[in-house]
Amino acid sequence: MTEPAIEDLLREFAPQVLGALVRRHGRFEDCEDAVQEAVLAATVQWPAEGVPASPRAWLTTVASRRLVDQVRSEQARRVREVTVSAETPPEVPDTDDTLLLLFLCCHPALTPASQTALTLRAVGGLTTAEIARAFLVPEATTAARISRAKQRIRQAGSSFPPPDGPDRLGVVLHVLYLIFNEGYTASSGDRLHRADLAREAIRLTRLVHARLPDDSEVTGLLALMLLTDARRDTRTTSSGDLVPLDEQDRTRWHRPQIDEGMTLAKASLAGSALGPYQLQAAIAATHADAPTAADTDWRQIHALYLILERIAPNPMVTLNRAIALAEIDGPAAGLALLATLDADDRMAGHHRLLSVRAHLLERSGDPSAAHDCYRRAAKATASLAEQRHLESRARRLRQAGPA
């Protein structure tokens, strides 16, 4: 088995093993350390010795033994119980504790920001740097949040909550949304996609939807993921270069995902309340419903973004509304709306703002300013695929005339 395939296995099984250990022993922080050591051991041994017949059982056994060693060194009062249970490799049930682990990480003792950061780390497998970029905050801030979250869960007791707790559902959905976004458009590296993360986010959202099938926001989030992920194969060329939405071959969009996503999007709007994931799913459905880019109903998309902006204000929502507005009233209108984001510290120097501004400047007939924005946007992103795309746009303008 190749190393990337082994990495995929470890990403899938690590949160399941962590959930199983926490269910059995509590001690979230110690269990996480033990699982990380087991994963490290697997990355060394499996490429050389082969992947075991039951990778999850292997990880559980190794992690359990590491946990025993930790408990022994601390002289914990539960050492006898844990030692006895680890002397014989524990049976690994066929149940998946990932969903319960997800809700545990959203413990009410934590702030929403800490809940999200810890879940992305423990369940989503994102690095601290990736989480920081998702939150638009410094890496040191994210590291501190994760550390404090582990301590507070330990103090509060690492007990599993009921998996339908309403006080945690909003944070759980936000976490799944961030995991999917990181998988759909990786914030760093040479790949535009991290399909493993996108698949995991969809899988976890299906678990939540199966538990709460009548929740409109859960349904909307699953619809949004499916409709968006359906475009994945058309977003890059064979050489890995980015293909914008309006240039994608829509006949290659994954039709089964679109059909399921459209059905779920319609179902999510049947409820009395209206939430951000339902609205985003409706926007994605509007794009999916257009046979070509020219057929896109931009007025409907702009209207949906206006509602979304009112119920869930966010600079990225405003940025996307500017794109829709430019399609309706021209690039000058879009640029005027973008200007309202310049004072927002969260967007200062953000590559997405710079790239959209560059595109609208190019459309408005200002190639020099567009060239400058494309170059600045390329420098501001850590995604190599996005860098290549933005630099190619800048080169095209430079070759067309003086910048």
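Author: A charge sits over a ring if CZ of Arg is within 6 Å of the ring centre and within 35 degrees of the ring normal. The model discussed here is predicted.

Reader: What makes the charged end of Arg231 count as sitting over the ring of Trp253?

Author: The charged end of Arg231 is 5.8 Å from the centre of the Trp253 ring. The cut-off is 6 Å, so the distance passes. Arg231 is listed as sitting over the ring of Trp253.

Reader: Which residue lies over the face of Tyr184, and at what distance from the ring centre?

Author: Arg235 does, at 3.8 Å from the ring centre. That is within 6 Å, so the distance condition is met here too.

Reader: How many aromatic pairs does the structure hold?

Author: There are three aromatic pairs. One of them joins Trp46 and Trp58.

Reader: Why is the pair of Trp46 and Trp58 called edge-to-face?

Author: A pair of aromatic rings is described by the distance of the centres and the angle of the planes. For Trp46 and Trp58 the centres are 5.3 Å apart, which is within the 6.5 Å needed for a pair. Their planes stand at 70°, and an angle over 60 counts as edge-to-face, so the pair takes that name.

Reader: Where in the chain are Trp46 and Trp58?

Author: Trp46 is in helix 2 (residues 28–49) and Trp58 in helix 3 (residues 55–74). They are 12 residues apart, and the pair links distant parts of the chain.

Reader: Is Trp46 buried or exposed?

Author: Trp46 has a relative accessible area of 2%. Buried means under 20%, so Trp46 is buried.

Reader: What makes Phe180 and Tyr184 a stacked pair?

Author: Their planes are 10° apart, and their ring centres 5.8 Å. Planes under 30 degrees apart count as stacked, so the pair of Phe180 and Tyr184 is stacked. Phe180 and Tyr184 are four residues apart in helix 9 (residues 166–184), so about one helical turn separates them.

Reader: How do you know whether Phe180 is buried or exposed?

Author: The relative accessible area of Phe180 is 3%, and that of Tyr184 is 9%. Buried means under 20%, so Phe180 is buried, and Tyr184 is buried as well.

Reader: Why is Gln36 called partly exposed?

Author: Gln36 has a relative accessible area of 40%. Partly exposed runs between 20% and 50%, so Gln36 belongs there. Gln36 is placed in helix 2. Its C-alpha atom is 9.8 Å from that of Arg66, with their positions 30 residues apart along the chain.

Reader: What is the relative accessibility of Arg398?

Author: Arg398 is at 43%. That too falls between 20% and 50%, so Arg398 counts as partly exposed. Arg398 is in helix 19 (residues 384–400). The C-alpha atoms of Arg398 and Val71 are separated by 63 Å, and the two residues are 327 residues apart along the chain.

Reader: How many disulfides does a search of the whole structure find?

Author: The search finds zero disulfides. A disulfide is a covalent bond between the sulfur atoms of two cysteines.

Reader: Why is the sulfur of Cys31 not in a bond with the closest cysteine sulfur?

Author: The closest cysteine sulfur to that of Cys31 is in Cys105, 12 Å away. A disulfide needs sulfur atoms within 2.5 Å, so 12 Å is too far for a bond. The sulfur of Cys106 is 6.7 Å from its closest cysteine sulfur, also in Cys105, and 6.7 Å is too far for a bond by that cut-off. Cys31 is buried, at 0% relative accessibility, and Cys106 is buried, with a relative accessible area of 0%.

Reader: What is the volume of the second largest pocket?

Author: The volume is about 700 Å³. The second largest pocket is lined by 29 residues, and the closest to its centre are Glu7, Leu10, Arg11, Gly125 and Arg194. Helix 1 supplies the largest share of the lining, 10 residues.

Reader: Where does the record place "domain: DUF6596"?

Author: The UniProt annotation, from an unreviewed entry, covers residues 168–268. Over residues 168–268 the chain is 61% helix and 2% strand.

Terms used:
Residues are numbered from 1 along each chain as its sequence is written. This is a predicted model: local features need pLDDT of at least 70, side-chain atom pairs count only at pLDDT 80 or more; totals for chains, interfaces and linings use all residues. Side-chain values use heavy atoms; hydrogens and water are left out. Rings of Phe, Tyr and Trp (its six-membered ring) pair if their centres lie within 6.5 Å; planes under 30 degrees apart count as stacked, over 60 as edge-to-face and the rest as tilted. Buried means under 20% relative accessible area, exposed over 50%, partly exposed in between (1.4 Å probe, protein chains only). UniProt positions are given in the numbering used here, feature names are shortened, and annotations may be inferred rather than shown by experiment. On a 1 Å grid over the protein atoms alone, a cavity is a set of points where a 1.4 Å probe fits but cannot get out, and a pocket is an open set with protein on both sides within 12 Å along at least five of seven lines; lining residues have an atom within 4 Å of a point. Grid points are joined across faces, edges and corners, and a volume is the space filled by probe spheres set on the points.
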